[in-house]
Amino acid sequence: GLFNNRVDYVHKAVLDNKMYKGVVIYISATMELMTPVIKRNYETVHEYVVPRDYTYVTPYHFRTNDEIIKVVNKSKEKWMIFVNSIDKGLKLQNEIRGSELVSTKHNPKILEQIEEKERFNCKVLITTKVLDNGVNVKDPRVKNVVIYAHDKIDFIQMLGRVRGNQPLNLYIY
């Protein structure tokens with residue numbers, strides 16, 4: 001679906017309750033995915049746009065895996081790396097010290113830890129899109145995010161996983 005599973009459940013419950021006549025508010029950094037579904041299901045829809053503030057982000061770019069691997073291995077800070085395939089994640093995990101790959105099949109305990117505590121213990125968390133929606137990381141020690149995705153919505157969702165607006169270094173492939 002277009003929603004993460006919890007939002008979809010609430011959305012369906014509201015639509016199924018024909019007696020409900022209240023106001024329903026949906027908020028997302030990527031509303032463009034949800035808007036068509038919302039407009040199909042509600043008679044009146046009001047849209048409000050709040051400008052995004054990315055002043056807390058310092059962007060960098062890199063051209064090769066070796067380049068980012070060297071930067072990460074020299075660093076003492078915590079990192080989140082979003083890759084576009086499990087194979088890429090496994091290759092990076094083999095090259096980056098203190099890293100763990102998290103997906104639905106790899107390290108489900110770490111995924112549970114993130115969902116419950118909104119943080120992770122390893123120095124470098126490598127993940128796929130499994131963490132790009134509905135997961136919060138509220139750890140002020142996470143100072144760096146690497147994103148391999150170029151799709152606008154995936155990119156915004158991945159960057160948005162780190163909450164708190166602490167200064168963040170963003171490395172873009």
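Two residues are said to be in contact when heavy atoms of theirs lie within 4.5 Å of each other. In this predicted model, residues 24 or more positions apart account for 66% of the contacts in the chain with a separation of 6 or more. The chain has 173 residues, of which 40% count as buried, and its accessible surface comes to about 11100 Å², with 53% of that area belonging to carbon and sulfur atoms.

The chain holds 6 helices and 6 strands, and, read from the N terminus, these elements follow one another as α-α-β-α-β-α-β-α-β-β-α-β. The 6 strands form an open sheet with parallel pairing, in the order β1-β6-β5-β2-β4-β3. At the edges of this sheet are β1 (57–61) and β3 (99–102), each of which pairs on one side only, and neighbouring strands are turned by 20 degrees against each other on average, direction ignored. Within the sheet, β2 (residues 78–82) and β4 (residues 124–127) are joined in the parallel sense over 4 bridges, and F82 has T127 in β4 as its bridge partner.

Two of the helices can be described by the strands they meet and by their direction.

| Helix | Strands met | Angle |
|---|---|---|
| α3 (residues 65–74) | lies across β1, β2, β4, β5 and β6 | about 155 degrees to β2 |
| α4 (residues 86–95) | touches β2, β3 and β4 | about 165 degrees with β3 |

On the surface, V23, I25 and I27 make a nonpolar patch of about 400 Å². I27 is found in the loop between α1 (5–16) and α2 (31–41), and this residue counts as exposed because its relative accessible area is 76%, where exposed means over 50%.

Note on methods: Residues numbered from 1 in each chain as written. Predicted model: local features only at pLDDT ≥ 70, side-chain atom pairs only at ≥ 80, totals over all residues. Heavy atoms only, no water. Patch = residues over 30% accessible without salt bridge, like charges linked within 9 Å, V, L, I, M, F, W, Y side chains within 5 Å. Areas by Shrake-Rupley, 256 points an atom, 1.4 Å probe, with all protein chains shown as cover. Salt bridge = Lys/Arg side-chain N within 4 Å of Asp/Glu carboxyl O. Helix = DSSP H or I, 4+ residues; strand = E, 2+ residues; numbered from the N terminus. Buried < 20%, exposed > 50% of the residue type's maximum accessible area, 1.4 Å probe, protein only. Pairing = 2+ DSSP bridges. Axes fitted to C-alpha atoms, helices over the stretch in contact; angles between N-to-C directions.
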